[in-house]
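The following paragraphs lead the reader through a predicted model. They turn to the nonpolar interior and then to the salt bridges.

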Amino acid sequence: MTDPSAPLPDRVPVLIAGGGPVGLALSALLARHGVASLVVEADDGYCTGSRAICMSRRSQEILGWVGADRPLVDKGLSWVGGRSFYRDTEVLHFQMPSEPTQRFAPMLNIQQYFVEQFAHEAARAFGALADVRWSSRVASVRPHAAGAEVAVQVQGAHGTHTVQADWVVACDGGRSTVREQLGLALQGTQYEGRYVIVDIRQKTARPVERLAWFDPPSNPGSTLLMHRQPEDVWRIDYQIGDDEDAVDAVKPENVLPRVQSHLRMIGEDAPWEPLWISIYTAKCLTLDSYRHGRVLFAGDAAHLVPIFGVRGLNSGLDDAGNLAWKLARVVHGESPGTLLNTYSAERVSAARENMAYGAKSTEFMAPPDFAYRLMREATLRLALCDERVRPLINPRQSAPIVYAGSPLNLPGQDAPWCSALAAPGAPAPEALLDDGTHLSRHFGAGFVCLVFARTTAVHGADELRQRGISALAVPASCSQAWQRYGLGQGVDEALVLVRPDAYVMGRWSGLDASAVAAAFDLSGVPT
């Protein structure tokens, strides 16, 4: 483990600007792939306040690749659905897809500082490969003219020091210094609606679920959200009026009476105390490209999406999961630098899809004009008596993005396949195996070729091993896996290639591994 008081190194393979959850998770993921990184964080430790709180199933899986899933699940509060109310009447009770055999719950509530802690502890387990420096700020970023490395000036306990980095990853948030240094700007839409965010501590016996009120009697004209968190913490978000001053809106004397009014309305009478107050404005913004030479962008430094639908931190962790294995292959000389172009292509596409969903949710949660307010009012009124209208209120929670147009998707033999779930570019479906473990436990480290066969052996298995692709037998007795990957209905032998970030790369009928190897060689992944 690196001594945090030691002088900064002169040179590193990867410098990560920003030690939030995305930067720390990326450091741990890179370390798992054998790549050393230096994380530079201006704060002196983990964040304050709950900030991002809802962790999707996909995010739990990504953190599981570095062993951070167990503490996350043990500490967090899982949930599968929620309720929405118009004034004081319930108009929606939604449930997300879930089943007992799933490895993770659809959503997990946990304060961001715990996510940072568990990601950091996972990174530290890799020793000197993960070097995290608190109270150290990126002051300047100067890519070399030849494009071979980047000079990063870091201000910290030892003064100002220049670190030469082969690669820089900006995970330094919505006000990214790295982005500013490169003269880049996020593009998109900023909404007028503002929300006060409050953490309070209060004991409650309520189940863990997403709760939303439109025009509640406790706060007329507002929209209010509530989530339970670990350690008896409520997260409360409520909309303030256009005529309210933002500075006054976060003063305790203005916040606490509104919180008390709502708690009284829902019958939460236990004593409570405020922990944290902030304010938030919804934004749908992104860079056009997440790669600029040897500088890459991830998380809020790359894109900002509204909180509604919890796509912020979850999309940032997806960035880290996508980038880590690609950057590792480039650093190790296993793939050309052009592989990193696919990171940008896939994740920019994902950001735009997340922004589209986020915009729809924001326009309902915080209508930007009279027409939207009128439409929402009509929808809510109809939902009181017509259940067919109620799905329009569904907040559409975060879900993994399909990379349908990815340049890494391999041509296979799709015609006989009946399952779109396992098409190239889709997240590899989860399934329970014969030994009671989950298929996802085999993902996250390297390329895996799933072998669906009844009796026949794979032809050319050595060709897979030569390319660093491991083979995993999935016999017909694993009925759930066969069903989800489209086997058993005209196709009884097949190979499915899964990327290190648990996305399907290609699939083939039959058991000829040489077809997989040939397609892999043409994919742009190998050197």
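The largest nonpolar core of this predicted model holds 112 residues, and those that touch the most other members are Leu 15, Leu 450, Phe 452, Tyr 485 and Leu 497. The element that gives the most to this core is helix 8, residues 312-331, with 9 residues. Another core, of 29 residues, lies apart from it, and includes Tyr 86, Ile 197, Trp 276 and Tyr 280. As a general tendency, nonpolar side chains in soluble globular proteins are buried together.

Charged side chains form a second theme. The count of salt bridges comes to 28. One of them joins Asp 318 to Arg 58, with 2.8 Å between the closest N and O atoms. Asp 318 belongs to helix 8 and Arg 58 to helix 2, residues 57-64; the pair therefore links distant parts of the chain, 260 residues apart, while Glu 377 in helix 10 and Arg 87 tie together parts that are 290 residues apart in sequence. How buried or exposed are Asp 318 and Arg 58? Asp 318 counts as buried because its relative accessibility is 7%, under the 20% cut-off. Arg 58 is buried as well, with a relative accessible area of 7%.

The bridge between the side chains of Glu 377 and Arg 87 has an N to O distance of 4.0 Å. Glu 377 lies in helix 10, which covers residues 370-383, whereas Arg 87 lies in the loop between strand 5 (81-86) and strand 6 (89-95). Glu 377 is partly exposed, with a relative accessible area of 26%, and Arg 87 is partly exposed at 33%.

A further salt bridge brings together the side chains of Arg 201 and Glu 273, at 3.7 Å from N to O. Here strand 12 (residues 187-201) supplies Arg 201 and strand 16 (residues 273-286) supplies Glu 273, so that distant parts of the chain, 72 residues apart, are linked. For Arg 201 the relative accessible area is 30%, which means that this residue is partly exposed. Glu 273 is also partly exposed, with a value of 40%.

Some salt bridges share partners, and through them Arg 87, Asp 215, Glu 377 and Arg 381 are joined into one network.

Methods. Residues are numbered from 1 along each chain as its sequence is written. This is a predicted model: local features need pLDDT of at least 70, side-chain atom pairs count only at pLDDT 80 or more; totals for chains, interfaces and linings use all residues. Side-chain values use heavy atoms; hydrogens and water are left out. A nonpolar core is a set of buried Ala, Val, Leu, Ile, Met, Phe, Trp, Tyr and Cys residues joined through side-chain atoms within 4.5 Å. Buried means under 20% relative accessible area, exposed over 50%, partly exposed in between (1.4 Å probe, protein chains only). Helices (H or I, at least four residues) and strands (E, at least two) are DSSP runs, numbered from the N terminus.
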